[in-house]
Amino acid sequence: MSAVGHDRGEVRRARYAVAAVFAVHGAVTGSFATRMPWIQDHASVGAGQLGLALAFPALGASLAMPLAGGITHRFGARTALRGLLALWTLSLVLPALAPNLLTLCLALFVYGASAGMSDVAMNALGVEVENRLGRSIMSGLHGMWSAGALTGSAAGTLAAHLGADARLHHALAAAVLTVLGLIACTWVLDLQAAEDEEPPPRFALPPRSALLIGAIGFCAVFAEGASLDWSAVYLRHQLETSAGLAAACTTGFTLTMAVARLAGDKVVDRFGSVRTVRASGVLAVAGGLLVVPAGHPVVAMAGFALLGLGIAVVVPLCFAAAGRSGPNPSQAIAGVATITYTSGLVAPGAIGGLAQATSLVVSFGLVTVLACGLAAFAGVLRAGDRGRPQVSGRPAAVPGPRS
């Protein structure tokens, strides 16, 4: 694909525009997550039925993400992102409207499908901007996603505290986020497919390179999902802390990840993707080794903080590497995204099932073992450093149009 006008000033504006898109995308997730109790009560579903319904976003995302490349090829990157992001922000209203389990599952399927397609489109554009700038930005972009999720969560918490109807809350949030997203998309790179470029297949297996990169992402997202969903439970029941301290552990883990992602690009530029992920794996393993034998809440909280630091930049670097691993960045990114979404779906249930059969200590032992994979197999991310202009005090030249 080639860009219609891409001087350095435009590329810089595109960087901030894509960052805003990531923040909007995250804000939808944060807005939804905080109103789950209301949605559960409105749909009159129990915990088991809710668990079933919550599998549908990942199912929808996994099936729809391969379509993103074809949509981008046909309409161009800017138009495709504008439409897919609007579809995602507007889908926020659907779950709160569901009156029963069946409609909730259907709503969450559409919600997940739109999330996945817009995710692929914005990550592909982020990789392109990173290539043209000649320095790492993907970690910061995912940090903006985390910041958006925190902002959406804060607004959702306030709405819940005020007793607001989630249908009204999500309708207002969807309207605001749709407008913000459309404005941000005005300045993203306008990439168009070359006339002789073959459209990608509607459905295709991910390339082998994406499978290897996705395996690294799987390990990181598994640790992330386990920590987000089970860290509070670990402190509350394993270490018998107060509910407030247990909740603070999860909040601290989320904040640690957001801060590490926002600061991670400088580390990547200095040391490269492979060395950064190897060091991240060491930090994650150290965190797991603190959590597993922890006999005191402070030790466990420090362990979860290290886990957050260790896995924060891994997924952004997986997307960056996928985008440079072959001739079809969207297809490779969709493959990696599918694997990571699957990991996020599997992790909470796997941790819970293993804990039921053994204990949460053993469950986080598994997390620690998977974290070892980050350090051991970081070399597959070498594509993330390949072709990046080396910069040392001077801006890298912006590449010309590609076809």
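Select helix 12, residues 243-291. Helix 12 gives the most to the lining of the largest pocket, with eight residues. Keep in mind that the model is predicted.

Now show the pocket itself. The largest pocket holds about 1,900 Å³ of space. It is lined by 48 residues, and those closest to its centre are Thr29, Trp145, Glu224, Leu228 and Asp229. Select these five and centre the view on them. What kinds of residue make up the lining of the largest pocket? Colouring by residue type gives 28 nonpolar, 16 polar and four charged.

Go back to helix 12 and add helix 13, residues 297-311. The axes of helix 12 and helix 13 come within 6 Å of each other, crossing at roughly 35 degrees. In the contact of helix 12 with helix 13, 22 residues are nonpolar and eight are polar, with no charged residues.

Next, select helix 11, residues 208-238. Where is helix 11 kinked? The kink is centred on tryptophan 230 and amounts to about 50 degrees. Move on to glutamate 240, just after helix 11. This residue sits in the loop between helix 11 and helix 12. Its phi is near 55 degrees, a positive value in a residue other than glycine. Is glutamate 240 buried or exposed? Glutamate 240 counts as exposed, because its relative accessibility is 67% and the cut-off for exposed is over 50%.

Another stop with a positive phi is serine 44. Look for serine 44 in the loop between helix 2 (36-43) and helix 3 (47-53). Serine 44 is not a glycine, and its phi is near 55 degrees. With a relative accessible area of 60%, serine 44 is exposed.

The last stops are the salt bridges. How many salt bridges are there? The count comes to three. Side chains of opposite charge can pair when their charged atoms come close.

For one of them, select glutamate 128 and arginine 132. They form a salt bridge whose closest N and O atoms are 2.7 Å apart. Both residues lie in helix 8 (residues 101-133), four residues apart, which is about one turn of the helix. An α-helix has 3.6 residues a turn, so residues three or four places apart point the same way. Both glutamate 128 and arginine 132 are buried.

Stay on helix 8 and select glutamate 130 together with arginine 324. In this salt bridge the closest N and O atoms are 2.3 Å apart. Arginine 324 is in the loop between helix 14 (314-323) and helix 15 (329-357), while glutamate 130 is in helix 8, so the pair ties together parts that are 194 residues apart in sequence. Arginine 324 is buried, at a relative accessible area of 14%. Glutamate 130 is also buried, with a value of 1%.

Finish with aspartate 165 and arginine 167. Their closest N and O atoms are 2.8 Å apart, and the two form a salt bridge. Are these residues buried, exposed or partly exposed? Aspartate 165 is partly exposed, with a relative accessible area of 27%. Arginine 167 is partly exposed as well, at 37%.

Technical notes
Residues numbered from 1 in each chain as written. Predicted model: local features only at pLDDT ≥ 70, side-chain atom pairs only at ≥ 80, totals over all residues. Heavy atoms only, no water. 1 Å grid on protein atoms, 1.4 Å probe; cavity = no way out; pocket = protein on both sides within 12 Å on 5 of 7 lines; lining within 4 Å. Points joined across faces, edges and corners; volume = space filled by probe spheres on them. Helix = DSSP H or I, 4+ residues; strand = E, 2+ residues; numbered from the N terminus. Nonpolar A, V, L, I, M, F, W, Y, C, P; charged D, E, K, R; others polar. Axes fitted to C-alpha atoms, helices over the stretch in contact; angles between N-to-C directions. Bend = angle between axes of the 7 residues up to and from the residue. Buried < 20%, exposed > 50% of the residue type's maximum accessible area, 1.4 Å probe, protein only. Salt bridge = Lys/Arg side-chain N within 4 Å of Asp/Glu carboxyl O.
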